[in-house]
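Visitor: Could you walk me through the labels used for this structure and what stands behind each one?
Guide: Gladly; let us take a look together.

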Amino acid sequence: MADVSLKHVYKVYDGGVRAVNDFELDIKDKEFVVFVGPSGCGKSTTLRMIAGLEEITAGQLYIDGELMNDVEPKNRDIAMVFQSYALYPHMTVYQNMAFGLKLRHTPKEEIDERVKKAAEILEISELLSRKPKALSGGQRQRVALGRTIVRNPKVFLLDEPLSNLDAKLRVAMRSEITKLHHKLQTTFIYVTHDQTEAMTMGNRIVVMKDGFIQQVDTPITLFEDPCNLFVATFLGSPQMNIVKAELFLEKGVLKAKLNNSDQQIVTFPEIKAKQLADKKYIGGHVLLGIRPEHVKPNEGDLKVYVEVVEHLGDETILYTKMEGRGEQFIVKIPFDSSIHANEEINIKLDMNHIYMFDKETQKSIMGIPHEDMIPVQIKDDVFVIGKQKIKIDEEYQKHLLDQAYIGKNYLAIKPEYISLDKTPNSLKITAKLEFIEEKTDYDALYFSLSGIDGYYALKVKKNTHPKLGDEAEIYLPYAKLVIRDEENNRLNSREIVYPNKFDARVSKKNGQMMISVAGTTLTYEDKQEVEEGEYDLIFKQDQLKPLFNKKLLKSGLKNPEMSNPHNVIKVAAYDEDVLGKKILAYVAVSGSENYASFVLDNNFSVYKMPKFSLYVPEDAFTLVKKQ
Ligand code: ADP
């Protein structure tokens, strides 16, 4: 029995490989959580950090509320099952299962009781006297599970435990493990690259890619509302079809032209058209997604050429090409022997099940978004949201990067965090509730904001709708509120952002301007605009460049070009925060008592080089004369 909680967990390997970034997850007691994603996305690393087999670079791991970062693996009360089940060949099944307990000096009678009970749960009681070589693959895997069950761990960690088994056995063991989870009533964390395993086994699935969590949700919600193109195409078999499309309005009705072809036009039903969050896409190109099971053959006026027909028992899969286009388009229908390869057929897309993605960011832009992205401008201490001007919470404002104050950005928040009930420490916005979409697990309410085109979603429990059409207050908890730029970089940091302000003295000699700051002297050509004297020097957050050590230079990182290699400040970092393609390094500046925060490229991590120098180009600071 255990809750497992990961807070902003990072893993940076030697050489700077960022295997896991800002991993945030609360796993509830008795949950079966699956980490899924392509090879190399950081699943095993995360699991190994939970097990204690891999050091956590930054962030915290809690098991039952207790900080585990520095607790020895053997004292974490967890058990890990690996893909290679490494049974001792010279021991019987009983001895294999008892071995760990014996090492821990568990009394003989208790060992006997636990081994027999585990064998019963796994239905291997009759195999206890056999040696591993006399077992099938599936039986060996069960013994490996038995070896961990006897220890009564609080948490089970399973790393691709079925990948060495053949396809048929894998399917059988899938349900065995699910049953085992029911019987043991323990927290399970399961790693796999196989989407079917994930979809069939997990209560919740964590989809990962390139070291980042993409989406966490129940299988059904991930399937119904994928947050981006990656999740949409990773889950589901055969995978979702993706078609290039241009959106346009005809007499007020939203339509799309597929593959640049005037012959291929689809029309959105009103409920879908309304769910297009940002009207800027109308007139532009997007990616449309439709699952193979939501395409009907021999109807409608889209034409496809059938290349291959596969009959799989009660269903038929058509591999087709759309007119004029090379990309495959798959259709899945109940068994049908009337359609043949090498013929052209008409198809109709069920537009109630259409998905839409931004072609650059690949985020879902129709239906329940992963995050509502509400346009915002920040002016001094105010959020300007359409026609509303709302004062920003003082504490929150201390976490805003300089870039947050420039241009058009977004308030990003997951629909499930927005509340209709008054919540403390929240941004209160007035919204109009416009329409409802009923989902399997919840209802989605869409609201509009005065002065902004488009609709934003919030999730409520089924059948708890307030009255629609009315103005209502909605509450966005500051703790969950993210500011993003157009490129999806985060512009609010986890820790307080320091103003980067330092005492400086400017002096001049021989056409040069010398700035003494933080115990160093920066020298530039004297451009006359600044006179000698005492100043406040403010380093711009995003203009200083780190100098790398030999090891990092070898791994391919490059130092900036420097017109004066002495123009550097030395810093010691105490943390970093991944913002997207950038990181924010929190540093103490040597030669001064001040702290500072710098935005650097994310190919660098302060965890691999906590002390470093930053090159200060000529335009990387401003000087304000002291009064
Ligand atoms: P997955 O389990 O999703 O296949 P891993 O967690 O094994 O992914 O790996 C994530 C990333 O970390 C990969 O880029 C991998 O090459 C890298 N990696 C894993 N182990 C090490 C290591 N010991 N040293 C350096 N890089 C590693």
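Guide: Let us begin with a term: buried means under 20% relative accessible area, exposed over 50%, and partly exposed in between, with a 1.4 Å probe and protein chains only. This is a predicted model, in which local features need pLDDT of at least 70, side-chain atom pairs count only at pLDDT 80 or more, and totals for chains, interfaces and linings use all residues. Residues are numbered from 1 along each chain as its sequence is written, and side-chain values use heavy atoms, leaving out hydrogens and water.

Visitor: Why is strand E12 called largely enclosed by the rest of the structure?
Guide: Strand E12 covers residues 253-258, and 5 of its 6 residues are buried, so the rest of the structure largely encloses it. Strands here are DSSP runs of E with at least two residues, helices are runs of H or I with at least four, and both are numbered from the N terminus.

Visitor: What makes E11 and E12 a pair?
Guide: Two strands pair if DSSP finds at least two bridges between them. E11 (residues 241-250) and E12 have 6 bridges in the antiparallel sense, so they qualify. Leucine 247 stands opposite alanine 256 in E12. In their hairpin, with 2 residues between the strands, lysine 251 has a positive phi near 50 degrees.

Visitor: How do you know that E12 also pairs with E13?
Guide: E12 and E13 (residues 265-267) share 3 antiparallel bridges, so the rule of at least two is met. Here lysine 255 stands opposite threonine 267.

Visitor: What makes two rings an aromatic pair?
Guide: Rings of Phe, Tyr and Trp (its six-membered ring) pair if their centres lie within 6.5 Å; planes under 30 degrees apart are stacked, over 60 edge-to-face, and the rest tilted. By this rule the count is 20 aromatic pairs.

Visitor: Why is the pair of tyrosine 498 and tyrosine 595 called tilted?
Guide: Their centres are 5.3 Å apart and their planes at 35 degrees, so the pair falls between the two angle limits. Tyrosine 498 lies in the loop between strands E28 and E29 and tyrosine 595 in strand E36, so the pair ties together parts 97 residues apart in sequence.

Visitor: Why is the pair of tyrosine 574 and tyrosine 595 called edge-to-face?
Guide: The planes stand at 80 degrees and the centres are 5.6 Å apart, so the pair is edge-to-face.

Visitor: Why is tyrosine 498 called partly exposed?
Guide: Its relative accessible area is 29%, so tyrosine 498 falls between the buried and exposed limits.
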